[in-house]
Amino acid sequence: MSTQLVKKIILFCLVLVFIPATSIWAASVITDPVLAKAIRVELKLSANKEVKAGDLQKLKSLYPENIKGKITSLQGLEYAVNMQSLFLPGHSIKNIKPISKMKKLTFLALEGNQITDLTPLSGLSNLENLILDGNKIKSLLPLINLHKLTDLIASNNQIADLRPIQKLKLNWIILNGNKIQNLQPLKNHPTLEYLNLDDNLIQDIQVLKTLPYLKEVSLANNPLNGLSQQVIEELEDNGVIVNLEINDGSELE
């Protein structure tokens, strides 16, 4: 085999290896037009410029404002590996897998979407604030190892089990409008200060007496049992604000 032929074969092999990577780097990677427009605005790119992987690495925060239409796909956003704050409320997002690559993320707001599975968030070890109101979430299990998480807001979902978050050092838990019955996983929680659990299925609130730093709790529209009034009085005697207002503005007697 001639030296010239060998060189051509080697060159051909190198082309096969490198073309896919370079084409991804050079081509537009965002498939959702609404998301692409929001990114262009954030990065001050021209309206007709394709959003490339290299552009996405420059993103540290994204909060689309005053854009028409709703984002349905996050495909391509996995290249935004330096993202620290992501705000995408009120869209039609179901699959959040691309967010799994954002290891620097500290603030994530995804309220008002169509999310059911939080698994892609399980490795976001720097996440501190998480807002998930108004989705279709049943399980918080993927959050079990997010040890930097301090604020969890996930009202109006389908959450029933608090065990996945019992060892997290949360200051705020807002889980109104879910299916929570058992508060036992919160027993002796060492950091919890604010707890909102309106519109759940809670009867027994004895656990609340074991929370050393509790400052305020809201329990409106729960079927509290007969012993709850005594617990409430003890909490209030210790300076805890207890909110029992229900929808018509009256208070639980």
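**Exercise 1. Classify the exposure of Gln 75 and place the residue in the fold.**

Step 1: Start with the surface. Gln 75 has a relative accessibility of 45%, so it counts as partly exposed; buried means under 20% relative accessible area, exposed over 50%, and partly exposed in between, with a 1.4 Å probe and protein chains only.

Step 2: Keep the source in mind. This is a predicted model, where local features need pLDDT of at least 70, side-chain atom pairs count only at pLDDT 80 or more, and totals for chains, interfaces and linings use all residues. Residues are numbered from 1 along each chain as its sequence is written, and side-chain values use heavy atoms, with hydrogens and water left out.

Step 3: Locate the residue. Gln 75 sits in the loop between β1 (61–62) and β2 (85–87); strands are DSSP runs of E with at least two residues, helices are runs of H or I with at least four, and both are numbered from the N terminus.

Step 4: List its partners. Beyond neighbours within four places in sequence, Gln 75 touches Val 29, Ile 30, Thr 31 and Pro 98, where contact means heavy atoms within 4.5 Å. The C-alpha atom of Gln 75 is also 7.4 Å from that of Asp 32, although 43 residues separate the two along the chain.

**Exercise 2. Work out how Tyr 63, Phe 87 and Phe 107 are arranged.**

Step 1: Count the pairs. The structure holds three aromatic pairs; rings of Phe, Tyr and Trp (its six-membered ring) pair if their centres lie within 6.5 Å, and planes under 30 degrees apart count as stacked, over 60 as edge-to-face and the rest as tilted.

Step 2: Take Tyr 63 and Phe 87. Their ring centres are 4.7 Å apart and their planes meet at 20°, so this pair is stacked. Tyr 63 is in the loop between β1 and β2 while Phe 87 is in strand β2, so the pair ties together parts 24 residues apart in sequence.

Step 3: Move on to Phe 87 and Phe 107. This pair is stacked too, at 4.9 Å centre to centre and 25° between the planes. Phe 87 belongs to strand β2 and Phe 107 to strand β3 (residues 107–109), so parts 20 residues apart in sequence are tied together.

Step 4: Combine the results. Tyr 63, Phe 87 and Phe 107 form one aromatic cluster. Tyr 63 is partly exposed at 43% relative accessibility, Phe 87 is partly exposed at 21%, and Phe 107 is partly exposed with a relative accessible area of 21%.
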